[in-house]
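Q: I have a model open in front of me and would like to learn how to read it. Could we go through it together, one feature at a time?

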Amino acid sequence: MKTLVVILMLVSFSFSSYAQRITQLEETRIAYSPLVLTETDNPDEYRYNVSDSFAVEFTKNPMAFMESYFDISKFIEEVKYKDYDSYLVRFQSSKGFLEANYSKEGVLNRTRQLFKDIALPLAVRNELWRQTEGWSMVKNNYKARGQGKLLDKELYRIKVVKNDKSKIIKIDPKNINEERVAGM
């Protein structure tokens, strides 16, 4: 019995010492992309859906979001076998989209944006308050287009209501002279 206990102890020590061996693992990289490529019926169209957790960042500044999370050179490398003259890439969320047209070399030619029911920038909110004090905003649309990284045209179209009346206010952010604070 004594020998059996000694043998069991030796075996258990050998198993525990074997478990202590260190195994070197290779480095693993994990990356999270807020963009998910979605297939479309048109083989020439590339659409990326923006995940919901990044939707606010996307609607706040779509151009900066695109520059941060989309690499056109990697995209061209992936689709080089199709030999396009230009690339039309669409970034889409539940609030709207940004379309970017790139040249064959990866230079941004033009963009087009359309968003609805988004949080208005401070200057636009203040201008809306100045024009429609006492009215309530029901919905809004934002349209923009541009050449390269610069926006040529921007327009907020905002529907406001008061009692049984409603009206549409159009605000171009470039025509707002100064930022005003509500109530001042």
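A: Gladly! Let us begin with the elements: helices (H or I, at least four residues) and strands (E, at least two) are DSSP runs, numbered from the N terminus. This is a predicted model, in which local features need pLDDT of at least 70 and side-chain atom pairs count only at pLDDT 80 or more, while totals for chains, interfaces and linings use all residues. Residues are numbered from 1 along each chain as its sequence is written, and side-chain values use heavy atoms, with hydrogens and water left out.

Q: How many helices and strands does the protein have, and in what order do the elements run?
A: There are five helices and eight strands. Starting at the N terminus, the order is α-β-β-α-α-α-β-β-β-α-β-β-β.

Q: How is the overall spread of the protein judged?
A: The radius of gyration is taken over C-alpha atoms and set beside the globule rule, 2.2 Å times the number of residues to the power 0.38. Here the radius of gyration is 28 Å, well over the 16 Å that the rule gives for 184 residues, so the protein is more spread out than a compact globule. Its C-alpha trace spans about 100 × 50 × 30 Å along the principal axes.

Q: What share of the residues is buried?
A: Buried means under 20% relative accessible area, exposed over 50%, and partly exposed in between (1.4 Å probe, protein chains only). In this protein, buried residues make up 32% of the 184.

Q: How do I read the aromatic pairs?
A: Rings of Phe, Tyr and Trp (its six-membered ring) pair if their centres lie within 6.5 Å; planes under 30 degrees apart count as stacked, over 60 as edge-to-face and the rest as tilted. The structure holds 15 such pairs. One of them joins F58 and F115 edge-to-face, at 5.5 Å centre to centre with 70° between the planes. F58 lies in helix 2 (residues 55–60) and F115 in strand 5 (residues 108–116), so this pair ties together parts that are 57 residues apart in sequence. F58 is buried at 0% relative accessibility, and F115 is buried at 1%. Elsewhere, ring pairs link Y46, Y48, F70, F75, Y84, Y87, F91 and Y102 into a cluster.

Q: Which residues does S93 touch?
A: Contact means heavy atoms within 4.5 Å. Leaving out residues up to four places away in sequence, S93 touches V50, F58 and T59. S93 sits in strand 3 (residues 86–93) and is buried, with 12% relative accessibility.

Q: Where is T111, and what does T111 touch?
A: T111 belongs to strand 5 and is buried, at 4% relative accessible area. Beyond residues up to four places away in sequence, its contacts include M63, L98, A144 and L151. The C-alpha atoms of T111 and K139 are separated by 24 Å, with these positions 28 residues apart along the chain.

Q: Which phi values should I look at in the loops?
A: Look at D117 and N163, two residues other than glycine with a positive phi. Phi is near 50° for D117, which is found in the loop between strand 5 and helix 5 (122–131). For N163, phi is near 55°, and its place is the loop between strand 7 (150–162) and strand 8 (165–171).

Q: Are D117 and N163 buried or exposed?
A: D117 is partly exposed, at 38% relative accessible area. N163 counts as exposed, at 75% relative accessibility.
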